[in-house]
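Colleague: Could you walk me through the backbone and the cysteines of this one? I would enjoy going step by step.

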Amino acid sequence: MKMPSFRRTPTVAATVMFVIGSGAITPAVAQNSKSSNPYTAGRTPDGAPDLRGIWEVHGTINWNIEGHPKQDGIAASKSVIVDPADGKIPYTAEARAKKNAISLADDPQTKCYMAGVPRVTYTPGPFQIFQTDGLVIAVYQDLHTYRYIPTTGKPQMSGAEFWMGSSRGRWEGDTLVVDSVSFNDQTWFDKAANFHSADLHVVERYQLTGPNTLQYEALIEDPKVFTRPWKMRMIAERHTEPGFRILEDECLKDSKGVLSHILPGK
Amino acid sequence: MRLRASNTVACVFCAAAMLLPLIGQTPDSKFEPPRLKDGHPNFQGLWKLLGGWGPPDVGANPSPRMSKIEYLPEALAKKDQMLTSGRAEDLVAQCVTASVPRATLEPPYPMLIIQDGANVVIMHEFAHDVRIVPVDGSSHPKNFSALGGDSRGRWEGDTLVIDTTDFRKGIRWLHMGGDFVDENEHSVERYTLIGPDTIRYEVTIEDPTVFAKPWNAKLNIRRQPKDDQIIEGACREGERDLDHYVVDGGAKAK
């Protein structure tokens with residue numbers, strides 16, 4: 001797979017990790033836009049920052065990440081894009097024209113395909129983060145999609161394309177940074193046909209801003225489609241209801257062949 | 001990194017051809033398992049069934065791997081009907097779910113097990129089936145039904161016992177050979193580490209509206225190479241096999 005030239009190399013990443021680990025300085029790459037985050041995460045039994053729990057991004061971001069008015073019974077939503085400042089996706093002119101020509105009916109989510117990254121995060125429904133030694137697992141209720149995110153420096157899978165990409169994690173202080181590559185070009189960012197190519201590179205940052213709030217950022221790079229990297233940010237809230245669980249979500253065809261999501265019944 | 005090959009839907013259907021002899025240890029083996037900080041055996045890692053269990057009418061039945069399946073008369077008629085004209089209804093052919101216990105019994109797909117103290121999580125590669133099994137002493141909920149049922153775990157010594165019931169109404173195929181269960185399935189799985197790289201897996205399945213009596217299977221599950229990882233089991237995405245079922249009326253699987 002051809003790597004975009006601006007992608008950080010593993011060597012550089014490893015160096016950055018070492019510097020953070022030494023505590024000598026705080027490199028620029030570790031600085032969040034909320035760098036003065038006062039909240040310190042708890043620790044798992046293995047000593048990692050504890051992000052475990054069931055989380056959900058509420059709202060209607062999935063309809064259009066650039067924001068949209070209230071329509072068709074769907075509540076309005078502001079753009080979740082924080083960079084660039086205008087909240088718009090920096091498409092190339094060619095990619096913008098392509099986006100405008102896509103039929104919204106072709107949304108891969110209507111076929112119950114895996115949502116892709118980062119869309120799976122703000123697709124309606126909760127997700128659960130599990131952590132064991134050197135491994136983070138995210139299980140999303142949407143179609144029981146899961147992501148395997150080792151934090152041990154295991155090399156990315158390359159040479160193949162995946163709906164959810166290949167993901168590798170690392171800790172920058174209390175922030176989980178997940179680097180994902182090896183995507184296919186079949187997933188969208190939302191129902192508004194915002195799209196990417198197979199050169200998509202996503203860097204997500206998961207950071208607790210309180211005991212029950214998880215800030216989520218996704219830096220998107222794809223030089224075939226966008227003129228520059230861009231970033232979205234949102235908050236996932238912890239489900240604290242007693243007994244709350246991730247439920248089975250299956251897509252089944254009705255007698256007319258129409259697919260719909262089926263949750264557990266009585 | 002090396003990718004495992006042959007993760008195609010078609011290979012689910014090769015399972016019958018993958019019957020391999022079971023050479024193996026038994027739960028009686030004296031093996032001291034590695035343990036987590038909470039003291040329970042550490043089952044974490046990537047695992048895959050050794051060989052396949054396959055349709056019992058293809059392999060020996062009964063065999064050392066499984067006891068004989070005895071159907072109620074009306075269920076046996078149902079099985080014949082399913083094999084003749086119902087193949088497209090198999091939820092595995094539709095890429096929905098393999099459910100319990102097929103997801104564990106049918107290779108070539110591996111599964112990843114993690115334990116967080118409160119849950120044992122089993123992530124299957126096929127159709128990215130996930131089971132989040134509480135091992136916190138909780139019981140099955142009331143008024144609940146799902147295609148994967150409701151699974152609750154408990155420890156009996158060093159054996160992880162998973163009890164699954166509360167299935168959604170309808171037929172679920174157990175493999176391509178037409179053996180099936182319905183919503184009254186109740187399965188009890190027992191996972192025991194009998195060596196550093198081997199889980200002894202025993203499952204007892206009862207279903208009073210399908211089987212004349214409970215039956216069981218006993219198989220070994222092998223740890224996969226350290227550098228392997230669970231990968232994405234896309235199935236519905238780009239699925240084509242079901243078209244073949246429809247074209248020939250479901251009489252035979254191509």
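## Unusual peptide bonds, phi values and disulfides

Modeller: Gladly, and please keep in mind that this is a predicted model. Ask away.

Colleague: Which proline of chain B is joined to Val100(B) by a cis peptide bond, and where is that proline found?

Modeller: Most peptide bonds are trans. Here omega is about 5°, and the bond between Val100(B) and its partner is cis. The partner is found in the loop between α2 (73-85) and α3 (102-105) of chain B, and the residue is Pro101(B).

Colleague: And in chain A, what is omega for the cis bond of Asp83(A) and Pro84(A)?

Modeller: Pro84(A) has its place in the loop between β2 (81-83) and α2 (93-101) of chain A. The cis peptide bond that joins Asp83(A) to Pro84(A) has an omega of about 10°.

Colleague: Is Ala193(A) buried or exposed?

Modeller: Ala193(A) lies in the loop between β7 (175-181) and β8 (201-210) of chain A. Its phi is near 70°, a positive value in a residue other than glycine. Buried means under 20% relative accessible area. Ala193(A) has a relative accessible area of 0%, so the answer is buried.

Colleague: What is the phi of His128(B)?

Modeller: His128(B) is in the loop between β3 (119-124) and β4 (130-134) of chain B. With 10% relative accessibility, His128(B) counts as buried. Most residues other than glycine have a negative phi. For His128(B), phi is positive, near 40°.

Colleague: How many residues apart are Cys112(A) and Cys251(A), which form a disulfide?

Modeller: The sulfur atoms of Cys112(A) and Cys251(A) are 1.7 Å apart, and the two form a disulfide. Cys112(A) is in the loop between α2 and α3 (119-122) of chain A, while Cys251(A) is in strand β11 (residues 250-253). Cys112(A) counts as buried at 5% relative accessibility, and Cys251(A) does at 1%. The pair links distant parts of the chain, and the separation is 139 residues.

Colleague: Is the disulfide of Cys95(B) and Cys235(B) left-handed or right-handed?

Modeller: Cys95(B) and Cys235(B) are joined with an S to S distance of 2.1 Å. Cys95(B) lies in the loop between α2 and α3 of chain B and Cys235(B) in the loop between β11 (215-223) and α4 (241-247), so the disulfide ties together parts 140 residues apart in sequence. Both Cys95(B) and Cys235(B) are buried. The torsion about their S-S bond is about -65°, so the disulfide is left-handed.

Key:
Residues numbered from 1 in each chain as written. Chains lettered and ligands numbered in written order. Predicted model: local features only at pLDDT ≥ 70, side-chain atom pairs only at ≥ 80, totals over all residues. Heavy atoms only, no water. Helix = DSSP H or I, 4+ residues; strand = E, 2+ residues; numbered from the N terminus. Buried < 20%, exposed > 50% of the residue type's maximum accessible area, 1.4 Å probe, protein only. Disulfide = S-S within 2.5 Å.
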